[in-house]
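Biologist: Before we begin, could you take me through this structure step by step, giving the reasoning behind each answer?

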Amino acid sequence: MAREDLLRSLSRRISDERVLAALAAVPRELFVSPALAAAAYEDAPLRIGGGQTISQPTVVARMCELLELSPSDRVLDVGTGSGYHAAVLSRLCDHVWGVELDPQLAMRAARTLTRAGIHNVTVFSGDGAQGLAEHAPFDAINVAATARDRVPDALEEQLGEGGRLVVPVALGGNEHLVRVRREADGLVREVLEPVRFVPLR
Ligand code: SAH
């Protein structure tokens, strides 16, 4: 698929113009190996090494839309992988803190983001299921790996007032996107559409 075809197909499913512009602005081929560059605009996950995949553009767009980001937002990205999803998020907010379990992927993501001219993403290597207490609270938290049975407590705790968290959760064998919002009187959780991600480890 060509880049324009992918963007046209996304615009049929995603209505948020800022999200569409962010996807249009990020060169996905930079985030995959040169061998896969020709497939960079397929609307599919692609292998990035270590048994992991770069997220599918439609899913990245949908999750960004669900996060309802503002330009001043501080965002946590859990499961940064190639850095692609973080790059899209970075165009919709003030700063992204990325956490990736695999140190090699984390290092490569940081390099790729710099090469893409993106300077408002900081990538850490570690267990993102614990969040990143030293930079909390966050206005938005994006999780790109599936949590088992429930939303990790640490992530909900690190959501600021009015904050949104979008995370795939496996509930009884079926993975769904879950959105959590911290409102004045507590957390509101919505179970949304089915999705498929690699497991949160
Ligand atoms: N958002 C990425 C997709 C990454 S796939 C992109 O756009 O390329 C999911 C990633 O989550 C993998 O890289 C995996 O190593 C990472 N991961 C799994 N469990 C994790 C955890 N507990 N903490 C941080 N990263 C984790």
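Biologist: Is C93 buried or exposed?
Modeller: This is a predicted model, and every value that I give is computed from it. A residue counts as buried when its relative accessible area is under 20%. The relative accessibility of C93 is 8%, so C93 is buried.

Biologist: How far is the sulfur of C93 from the nearest cysteine sulfur, that of C64?
Modeller: A disulfide needs a pair of cysteine sulfur atoms within 2.5 Å, and a search of the whole structure finds zero disulfides. C93 is therefore in no disulfide. Its nearest cysteine sulfur belongs to C64, a residue that is buried with a relative accessible area of 1%. The distance from the sulfur of C93 to that of C64 is 9.0 Å.

Biologist: How are helix α1 and helix α3 oriented to each other, roughly parallel, roughly perpendicular or oblique?
Modeller: Two packed helices are described by the angle between their axes and the distance between the axes. Helix α1, residues 3–13, and helix α3, residues 57–67, have axes 10 Å apart and pack at an angle of about 40 degrees. Angles under 35 degrees would count as roughly parallel and those from 65 to 115 as roughly perpendicular, so α1 is to α3 oblique.

Biologist: Which residues of α3 make the contact with α1?
Modeller: The helix α1 passes α3 in a right-handed crossing, and from the side of α1 the contact is made by L6, L10 and R13. By class, the contact between the two helices has four nonpolar residues, one polar and one charged. On the side of α3, the residues are P57, T58 and A61.

Biologist: Which residue follows A136 across a cis peptide bond?
Modeller: Most residues other than glycine have a negative phi, and most peptide bonds are trans. Here the bond that starts from A136 is cis, with omega near 0 degrees. The residue on its far side lies in the loop between β5 (121–125) and β6 (138–143), and that residue is P137.

Biologist: What is the phi of D149, which is not a glycine?
Modeller: D149 lies in the loop between β7 (147–148) and α6 (153–157), and its relative accessible area of 52% makes D149 exposed, because the cut-off for that class is over 50%. Although D149 is not a glycine, its phi is positive, at about 70 degrees.

Biologist: And E68, is that residue buried, partly exposed or exposed?
Modeller: E68 is found in the loop between α3 and β3 (74–78), and its phi is near 45 degrees, a positive value in a residue other than glycine. Its relative accessibility of 38% falls between the 20% and 50% cut-offs, so E68 counts as partly exposed.

Biologist: Which residues, leaving aside neighbours within four places in sequence, are in contact with Q158?
Modeller: Q158 is placed in the loop between α6 and β8 (159–171), and at 8% relative accessibility Q158 counts as buried. Once those sequence neighbours are left aside, its contacts are Q130, G131, L132, A133, A136, P137, F138 and I141.

Biologist: How far apart in space are L76 and D139, C-alpha to C-alpha?
Modeller: L76 is in strand β3 and is buried, with a relative accessible area of 0%. Not counting residues up to four places away in sequence, L76 touches several residues, including W97, V99, F138 and L155. L76 and D139 are 63 residues apart in sequence, and their C-alpha distance in space is 8.4 Å.

Terms used. Residues are numbered from 1 along each chain as its sequence is written. This is a predicted model: local features need pLDDT of at least 70, side-chain atom pairs count only at pLDDT 80 or more; totals for chains, interfaces and linings use all residues. Side-chain values use heavy atoms; hydrogens and water are left out. Buried means under 20% relative accessible area, exposed over 50%, partly exposed in between (1.4 Å probe, protein chains only). Axes are lines fitted to C-alpha atoms, for helices over the stretch in contact, and angles run from 0 to 180 degrees between N-to-C directions. Helices (H or I, at least four residues) and strands (E, at least two) are DSSP runs, numbered from the N terminus. Angles under 35 degrees count as roughly parallel, over 145 as roughly antiparallel, 65 to 115 as roughly perpendicular and the rest as oblique. A crossing is left-handed if the near helix is turned anticlockwise from the far one by less than a right angle, and right-handed if clockwise. Contact means heavy atoms within 4.5 Å. Ala, Val, Leu, Ile, Met, Phe, Trp, Tyr, Cys and Pro count as nonpolar, Asp, Glu, Lys and Arg as charged, and the others, Gly among them, as polar.
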